[in-house]
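Subject: The structure we talked about

Hi,

Here is the structure I promised to pass on. Have a look at it first, and then read my notes below.

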Amino acid sequence: MTVEETNATAALSIHATLACLEILTEFDVVEARTQTRIYAQYLGFCAIDVHFLVTSASELCHNLIMHAGGGLFLLGFVQSQHDLCNGIQLSTKDRGPGIADIQLALTEGYSTANSLGSGLPGVLRCCDELSIQPRTGGGTYVSAIKWLSS
Ligand SMILES: Nc1ncnc2c1ncn2[C@@H]1O[C@H](COP(=O)(O)OP(=O)(O)OP(=O)(O)O)[C@@H](O)[C@H]1O
Ligand SMILES: [Mg+2]
């Protein structure tokens, strides 16, 4: 990851990559969903939160295919520096056209692909933190974190 991309995880004391998948087709999205479900269950997320995480992984991966011509999906185990809470990070990296207006992209109903425009707002609702950053050299880095509630 570049320096910019690590900023999204600056408040983390532990960050370990659990899976890294290239996303180009719907088959890859199925694999990303499966890996997310397996690790979320293993880490002890409740059934509803597992569902929220799998849905978020799906939306982020579909965005890679729909808007960026593919990219990488990374699943990470994270621990916050602040309270040592454990969580899962879903992130994507692509070399697509980038997102011109990030606030607009997070607005329900906004889509440049004539779709529903509910993917990123959905991830925002399903996860505890969402960060979207342009990448040096072009493209987009998206990070979503969900914490395990004690
Ligand atoms: N990785 C990306 N690269 C470039 N643009 C993106 C990326 N992800 C999202 N966007 C932009 O943000 C907009 C909103 O994304 P969002 O996922 O909310 O909606 P959508 O993908 O258009 O529709 P839906 O997800 O409901 O099918 C997209 O229409 C697109 O313009
Ligand atoms: Mg989408």
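Before the notes, one cut-off will help: a residue counts as exposed if 12 or fewer other C-beta atoms lie within 10 Å of its own, and as buried if there are 20 or more. Please also keep in mind that this is a predicted model.

**Two loop residues with positive phi**

With that cut-off in hand, take Asn-114. Only 6 other C-beta atoms lie within 10 Å of Asn-114, so this residue is exposed. Asn-114 sits in the loop that runs between helix H4 (102-105) and H5. Its backbone is worth a look too: phi is positive, about 55°, although Asn-114 is not a glycine.

Leu-84 is another residue to click on. Its phi is near 60°, again a positive value in a residue other than glycine. You will find Leu-84 in the loop between strand S2 (71-80) and strand S3 (86-93). Is Leu-84 buried or exposed? Leu-84 has 9 C-beta neighbours inside 10 Å, so it counts as exposed.

**A glycine in another loop**

Gly-96 belongs to the loop between S3 and H4. With 17 other C-beta atoms within 10 Å, Gly-96 is partly exposed, because that number falls between the limits for exposed and buried. Which residues does Gly-96 touch, leaving aside its neighbours within four places in sequence? The contacts are with His-67, Ala-68, Gly-69, Gly-71, Gly-139 and Thr-140. As for Thr-112, 16 residues away from Gly-96 along the chain, the two C-alpha atoms are separated by 14 Å.

**Around the ligand**

Thr-112 comes up again at ligand 1, where it is among the nearest of the 23 surrounding residues, together with Ala-105, Ser-111, Ser-115 and Gly-119. Two elements give two or more residues each to this shell: helix H3 (47-68) and helix H5 (119-126). H3 gives the most, with 6 residues. By class, the shell is made up of 11 nonpolar, 10 polar and 2 charged residues.

**How the helices pack**

The two helices just named also pack against each other. The angle between H3 and H5 is about 150°, and their axes are 9 Å apart. Angles over 145 degrees count as roughly antiparallel, so that is how H3 and H5 run. Their crossing is left-handed. On the H3 side the contact is made by Phe-52, Thr-55, Ser-56, Glu-59, Leu-60, His-62 and Asn-63, and on the H5 side by Gly-119, Gly-122, Val-123 and Cys-126. Those residues divide into 4 nonpolar, 6 polar and 1 charged.

H3 has a second packing partner in helix H2 (residues 26-43), again at an angle of about 150° and with the axes 9 Å apart. H2 and H3 are therefore roughly antiparallel to each other. Here, though, the crossing is right-handed. H2 brings Asp-28, Val-29, Ala-32, Arg-33, Thr-36, Arg-37, Ala-40 and Gln-41 to the contact, while H3 brings Asp-49, Val-50, Leu-53, Val-54, Ala-57, Ser-58, Cys-61 and His-62. By class, this contact has 8 nonpolar, 4 polar and 4 charged residues. If you colour His-62, you will see a residue of H3 that is listed in the contact with H2 and also in the contact with H5.

Happy to go through any of this with you at the screen.

Best wishes

Methods. Residues numbered from 1 in each chain as written. Chains lettered and ligands numbered in written order. Predicted model: local features only at pLDDT ≥ 70, side-chain atom pairs only at ≥ 80, totals over all residues. Near = placed C-beta within 6 Å. Helix = DSSP H or I, 4+ residues; strand = E, 2+ residues; numbered from the N terminus. Nonpolar A, V, L, I, M, F, W, Y, C, P; charged D, E, K, R; others polar. Axes fitted to C-alpha atoms, helices over the stretch in contact; angles between N-to-C directions. Parallel < 35°, antiparallel > 145°, perpendicular 65-115°, else oblique. Left-handed = near helix turned anticlockwise from the far one by under 90°. Contact = placed C-beta atoms within 7 Å.
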